[in-house]
Every structure is written in C-alpha cells, then in structure tokens.
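Me: I want the reasoning behind the labels on this model. Take them one at a time.

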Amino acid sequence: MTDTDTALQPKKKGLTRRQKRTLSRGAQYAVFAAAVIAFAVTADWGRLRNQFAQADIAEQMFPDVITLALKNTVLYTLSGFVVGLVLGMVIALMRLSSVGPYRWLAGVYIEIFRGLPALLIFIFVGVAVPLAFPGTEIPGGTYGKVALALGLVSAAYMAETIRAGIQAVPKGQMEAARSLGFSPAKAMVSIIVPQAFRIILPPLTNELVLLFKDSSLVLFLGVTLEERELSKFGRDLASTTANSTPILVAGLCYLLVTIPLSLVVRRMETKAQEAIR
C-alpha cells in the first residue's frame with residue numbers, strides 16, 4: 001500500500017465530548033430508574049401504609065399540628081433568627097475591626113460555636129446557664145431559651161456570611177462616603193451594610209431554613225404540651241398511637257415551609273447571578 005492510498009483512507013473518529021456526556025447522562029438515568037423500580041417492586045407497601053399512612057390517626061392531629069406545633073416551630077425559628085442576625089452583625093463588625101482584641105474575641109466565638117453541635121448549645125442554655133447564675137431566669141421562658149440557643153448557633157455562621165458580604169462591597173463605596181463627609185461608622189451603617197445585605201440575602205434565607213429544622217432540638221429544654229414544636233408533637237402522638245403516621249405528617253409540615261423557602265433562595269440566587277452578568 002502506497003503512502004497515497006494510506007492518506008486517502010478515512011480516519012476513524014471516536015465519540016465527541018457531547019456524545020460522551022449524553023451516554024454518561026443516559027447511564028445515570030438508567031441506574032436511577034432501575035433503583036426506583038427495584039424499590040417499588042421489593043418494598044412491602046402494605047406494611048408501610050399501615051405504619052405511616054393511617055388516615056384516621058392523621059385526622060386526629062388536626063388542627064393542633066398547624067395551630068400549635070407548626071406555629072411554635074415558626075415562632076422558635078423566627079426568634080432565633082432575629083437573635084442570630086443581631087449577634088452575627090455585631091460579631092462580623094468585630095471581626096472587621098482594627099482593634100485586635102475585638103478581632104480575636106470574634107474569631108474565638110466563631111470557631112467555638114461553629115465547631116460545637118447545636119444539641120450541646122441547647123443543653124448549655126437549658127442546664128449550664130441556670131447553674132452558673134442561680135435564680136436568673138431567661139426572659140420569655142422556653143421561647144427565650146430557644147431564641148438564645150438558636151441565636152448562639154446561627155450567629156457564628158451569619159457573622160461569617162455578613163463579613164463576606166461587607167468585604168464584597170467595592171472599597172470605593174466607603175471612600176466615596178467618606179469624601180461626602182460620612183464618618184466611618186455612619187458610612188458602614190448607611191452605605192456598606194445595606195449593599196452587603198443585598199449580596200448575602202440568599203445565604204441568610206438558607207440559614208433560616210436550617211434554623212427551622214434545628215428548632216426540633218427544643219425538646220431537650222423540656223417543654224409543656226402548649227410549647228411543643230412539630231417533632232415533639234409528632235413523637236408524642238406516635239408513642240400514644242404506636243404508629244408512625246404522626247411522624248410522617250410532622251415531616252410533611254416541615255416541607256410545607258422549607259420547600260417554598262428553598263425555592264425563594266434559588267430564585268434570589270438566580271436574580272443575583274443575572275445582576276452580575
């Protein structure tokens with residue numbers, strides 16, 4: 001075979017990148033579909049229905065699961081979020097301060113409360129604080145304790161989020177404010193912080209979703225029947241009825257709040273990316 005004949009032969013082509021991606025995606029879909037089919041075929045749906053989907057037991061939970069349990073969960077979450085936001089803002093400003101001890105204290109707080117499990121914080125607030133300060137009552141009773149515990153947990157995360165947002169604001173904004181006669185503190189409050197919050201609004205909303213789930217730890221503080229949140233409410237009824245349907249209903253109530261909030265977060269993130277482009 002001559003060199004000319006070799007040159008005239010068609011070259012073998014492999015798969016393109018797009019074809020490889022298509023094959024890989026198809027394989028993933030196939031594995032997922034096989035797993036779903038295997039679960040649907042092998043699961044004992046009758047036993048699952050008897051244990052998790054008893055309509056008569058679910059009916060017994062209403063309206064208290066909404067008017068009591070869900071309401072308390074929302075109140076615990078919002079109060080903890082407010083405390084965490086205020087405390088996180090203070091810690092973030094300390095973290096950015098030019099005063100060394102402020103930065104050191106803020107850093108120690110963030111590292112400690114980000115490293116400790118939320119359960120230990122609840123136990124600390126419910127047990128250690130009364131022992132350390134005998135005769136001292138946290139204002140608001142259980143609601144105040146939950147707000148403090150959730151606030152201490154979330155403040156460490158919010159502080160880092162707020163700090164990152166403030167540092168993301170162009171330095172020229174501060175220089176422009178100072179040139180207009182603003183003091184550093186007034187420029188930070190009036191100019192920098194509002195712009196930072198527009199940047200960090202999605203992650204702060206995501207923190208609200210996490211706090212909504214962490215509110216289930218309130219049971220470790222010891223609550224009355226009127227102070228129960230969704231998890232405690234569902235567990236108590238599950239123990240009374242010897243059935244897991246209340247747990248499923250409580251979980252669905254969580255999803256009624258967390259799914260819309262998650263969609264809001266995604267929407268805000270999309271708008272923020274579009275604004276950058």
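Me: Why is aspartate 236 called partly exposed?
Reply: This is a predicted model, and in it aspartate 236 has a relative accessibility of 22%. Buried means under 20%, and exposed means over 50%. The value of 22% lies in between, so aspartate 236 counts as partly exposed.

Me: What makes the contact of aspartate 236 with arginine 228 a salt bridge?
Reply: The N to O distance between the two side chains is 3.3 Å. The cut-off is within 4 Å, so the pair qualifies.

Me: Is arginine 228 buried or exposed?
Reply: Buried, because its relative accessible area is 12% and the limit for buried is under 20%.

Me: How many salt bridges does a search of the whole structure find?
Reply: Five.

Me: Why does the pair of glutamate 111 and arginine 114 count as a salt bridge?
Reply: Their closest N and O atoms are 3.5 Å apart. That is within 4 Å, so the label holds. The two residues are three apart in helix 6, which means about one helical turn separates them. Arginine 114 has a relative accessible area of 34%. This value is neither under 20% nor over 50%, so arginine 114 is partly exposed.

Me: What makes arginine 163 and glutamate 160 a salt bridge?
Reply: Their side chains meet at 3.1 Å, N to O. The limit is within 4 Å, so they pass. Both residues lie in helix 8, three residues apart, about one turn of the helix. Both are buried. A network of salt bridges links Arg95, Glu160 and Arg163.

Me: Which residues touch the most other members of the largest nonpolar core?
Reply: Ile91, Tyr109, Phe122 and Val146, in a core of 40 residues. Helices 5, 6, 7, 8 and 10 each supply at least two residues of this core. Helix 8 gives the largest share, 11 residues.

Me: Which residues make the nonpolar surface patch?
Reply: Among them are Trp104, Ile112, Leu120, Leu131 and Phe220. The patch covers about 1000 Å². Helix 6 (100-115) and helix 7 (118-132) each supply at least two of its residues. Helix 7 gives the most, five residues.

Me: Why is leucine 131 called exposed?
Reply: Leucine 131, in helix 7, has a relative accessibility of 66%. Exposed means over 50%, so the label fits.

Me: What forms the positive surface patch?
Reply: Arg17, Arg18, Lys20, Arg21 and Arg25. Lys and Arg count as positive. Arginine 17 is placed in helix 2 (residues 17-42). Arginine 17 is exposed, because its relative accessible area is 71% and the cut-off is over 50%.

Me: What is notable about the phi of alanine 242?
Reply: Its phi is positive, about 55°, although alanine 242 is not a glycine. Most residues other than glycine have a negative phi. Alanine 242 sits in the loop between helix 11 (230-241) and helix 12 (245-276). With a relative accessible area of 64%, alanine 242 is exposed.

Me: Is the peptide bond from phenylalanine 62 to proline 63 cis or trans?
Reply: Cis, with omega near 5°. Most peptide bonds are trans. Proline 63 lies in the loop between helix 4 (55-60) and helix 5.

Methods:
Residues numbered from 1 in each chain as written. Predicted model: local features only at pLDDT ≥ 70, side-chain atom pairs only at ≥ 80, totals over all residues. Heavy atoms only, no water. Patch = residues over 30% accessible without salt bridge, like charges linked within 9 Å, V, L, I, M, F, W, Y side chains within 5 Å. Areas by Shrake-Rupley, 256 points an atom, 1.4 Å probe, with all protein chains shown as cover. Helix = DSSP H or I, 4+ residues; strand = E, 2+ residues; numbered from the N terminus. Buried < 20%, exposed > 50% of the residue type's maximum accessible area, 1.4 Å probe, protein only. Charge placed at Lys NZ, Arg CZ, Asp CG, Glu CD. Core = buried A, V, L, I, M, F, W, Y, C linked by side-chain atoms within 4.5 Å.
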